[in-house]
Amino acid sequence: MKTFKGGFHVPDRKDLTAGVSIEDMPVVTDYFVSVSQHIGKPAQPVVKAGDEVVEGQLIAEANGLISANIHSPVCGEVVEIVKRKNAQGALVDCIHIKSNGKQDKFTLPPLAAFSAVKTDGDVSYESVTSEQIVERIREAGIVGMGGAGFPTAVKLQPKDPVDSLIINAAECEPYLNCDNRLLIERTAEFLAGVRLLAKAIGVTNVYIGIEANKQEAYNKLLEQSGVIADSKEALQNRKEGDIVVVLLKAKYPQGAEKTLIKACLNREVPVGGLPAAVGCIVDNVGTAYAVWDAVVNGVTLHKRLMTVSGDGIANPKNLEVAIGTPLSAVVELCGGLRENTVKLISGGPMMGFSLMDLDVSVSKTDSGFLALTDKEASSLLPTPCINCGRCAAVCPMKLMPMYIDFYTTVGDTENAVKYGALNCFECGTCAYVCPAKRPIVQSVRLTKIKAKEKK
Ligand code: SF4
Ligand code: SF4
């Protein structure tokens with residue numbers, strides 16, 4: 001089975017929601033839609049208090065090239081534009097919309113090329129151009145939904161020549177299952193989205209990297225026409241356009257771009273470089289599905305799948321949630337929090353953000369929400385480093401995390417940078433294995449902020 005050097009097998013607790021079908025989150029009363037859910041400049045609101053909006057309508061426009069459109073999650077009235085904190089704790093402008101119970105939907109005009117499209121994902125790829133797909137992705141406000149939030153339309157037009165598309169279906173973060181369920185329940189639509197992405201980039205070399213702990217999804221993919229396994233025999237008979245599904249060892253952080261590229265194509269992205277530097281573009285499962293929905297149905301990105309899990313959640317679920325839904329409403333739908341909950345996390349336990357409370361709203365990049373009990377969450381306080389070297393042994397970037405942590409702690413940003421803090425992608429593996437419970441990821445984040453300030 002393919003994999004990368006380093007990393008660690010983390011107990012994944014995916015059993016809580018692996019077999020739970022996707023459920024629609026019902027409409028709630030109030031939505032708070034952030035204008036800053038992506039990498040780049042915040043979007044510019046195009047609505048004001050008192051305006052009536054319908055589901056899917058543009059409410060904030062991309063502000064420059066590296067930015068993304070934002071659309072209304074519901075039919076309702078704009079109440080105000082208000083500052084609210086996001087999952088990272090920063091105050092951001094949010095468009096507060098009160099739902100009015102109407103069912104109207106705004107969709108982009110159907111692309112002529114898809115007038116005869118069937119609903120099973122059987123898309124007539126030949127009749128749409130790369131430019132049309134990219135423009136539709138831009139209009140629909142699609143960003144990387146695996147957590148990065150980089151505007152997808154920009155990613156699809158790299159400066160370097162690209163020969164391969166890799167779809168990140170690893171979902172290596174413990175607890176999360178929304179990509180897994182999407183692959184199982186919406187297989188054809190997902191694959192149509194993958195083919196549209198490949199067409200947009202102009203490549204026929206397409207891989208889907210999936211961890212071995214998602215056997216049902218893996219089998220489902222291989223049942224589809226034009227999809228083959230990464231076996232010697234299947235590759236010998238590979239036809240042009242066949243998508244190759246690469247089964248990967250279940251190991252954290254297998255889903256990080258660089259480790260995924262190494263495992264699937266044995267290419268090494270240079271330090272500080274992007275996947276395009278080695279001829280690849282990596283996109284996430286949810287992003288591919290959103291591309292299908294936008295191109296085929298004209299649906300703008302205003303909903304996403306997320307896993308709500310952890311022993312602190314009464315009824316863990318995989319939900320399709322409108323962007324801007326308050327987390328408190330999501331948790332309520334899942335039966336509320338158990339009394340012994342000690343930690344709230346937006347995202348996965350390794351790369352997610354600890355929350356102080358439920359007073360934040362769902363964004364385009366939220367793949368999960370976790371409520372962990374005292375038994376699940378480590379409550380040990382950090383102690384001095386014992387120089388065991390475990391953090392360095394597991395680091396997929398071959399860094400020396402103990403030195404980054406040390407120099408950050410003593411306020412020496414220059415040396416923390418020298419030891420590679422800026423090349424760390426914050427996977428958290430080092431902190432997970434550290435017996436001294438050193439807050440290494442926080443140290444890295446602090447150094448990045450200080451280095452940016454110095455610039
Ligand atoms: S130093 Fe960064 S990249 Fe390396 S294991 Fe720690 S968090 Fe991951
Ligand atoms: S794993 Fe923790 S204790 Fe061990 S060397 Fe790294 S920082 Fe120090």
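**Close-up 1. Helix α1 crosses helix α4 in a left-handed sense.** This is a predicted model. Helix α1 covers residues 130-139. The angle between α1 and α4 is about 115°. Their axes are 8 Å apart. From α1, the contact involves Ser-130, Ile-133 and Val-134. Leu-196, Lys-199 and Ala-200 meet them from α4. By class, this α1–α4 contact holds 4 nonpolar residues, 1 polar and 1 charged.

**Close-up 2. Five strands form an open sheet with parallel pairing.** The strand order is β11-β12-β10-β9-β13. At the edges sit β11 (227-229) and β13 (280-284), each paired on one side only. Neighbouring strands of the sheet are turned by 30° against each other on average, with direction ignored. Helix α4 (residues 187-201) packs on this sheet. The helix touches β9, β10, β11, β12 (243-248) and β13. The direction of α4 makes about 150° with that of β9.

**Close-up 3. Strands β9 and β10 run in the parallel sense.** Strand β9 spans residues 164-169, and strand β10 spans residues 205-211. The pair is joined over 6 bridges. One register mark is Ser-164, whose bridge partner in β10 is Asn-205.

**Close-up 4. Strand β5 pairs with β3 and with β6.** Strand β5 takes in residues 58-61. Strand β3 (residues 44-45) runs antiparallel to β5, with 2 bridges between them. Here Pro-45 stands opposite Ala-60 of β5. Strand β6 (residues 70-71) is also antiparallel to β5, again through 2 bridges. In this pairing, Leu-58 has His-71 of β6 as its bridge partner.

**Close-up 5. Sixteen residues form the surroundings of ligand 1.** The closest are Cys-395, Pro-401, Cys-424, Cys-427 and Cys-430. Helices α13 (429-433) and α14 (440-454) each supply at least two residues of the shell. Helix α14 gives the most, with 3 residues. By class, the shell around ligand 1 has 13 nonpolar, 2 polar and 1 charged residues.

**Close-up 6. Ligand 2 has 14 residues around it.** Coming nearest are Cys-385, Cys-388, Cys-391, Met-402 and Cys-434. At least two shell residues come from each of α10 (390-394) and α11 (401-409). The largest share, 3 residues, belongs to α11. Sorted by class, the shell around ligand 2 contains 9 nonpolar, 2 polar and 3 charged residues.

**Close-up 7. Domain 1 meets domain 2.** Domain 1 is assembled from 1-22 + 110-318 + 327-377, and domain 2 covers 390-454. Their C-alpha centres lie 27 Å apart. The contact draws 13 residues from domain 1 and 11 residues from domain 2. On the domain 1 side that touches domain 2, the residues are 9 nonpolar and 4 polar, with no charged.

Technical notes
Residues numbered from 1 in each chain as written. Chains lettered and ligands numbered in written order. Predicted model: local features only at pLDDT ≥ 70, side-chain atom pairs only at ≥ 80, totals over all residues. Domains from an automatic or database assignment. Contact = placed C-beta atoms within 7 Å. Nonpolar A, V, L, I, M, F, W, Y, C, P; charged D, E, K, R; others polar. Near = placed C-beta within 6 Å. Helix = DSSP H or I, 4+ residues; strand = E, 2+ residues; numbered from the N terminus. Pairing = 2+ DSSP bridges. Axes fitted to C-alpha atoms, helices over the stretch in contact; angles between N-to-C directions. Left-handed = near helix turned anticlockwise from the far one by under 90°.
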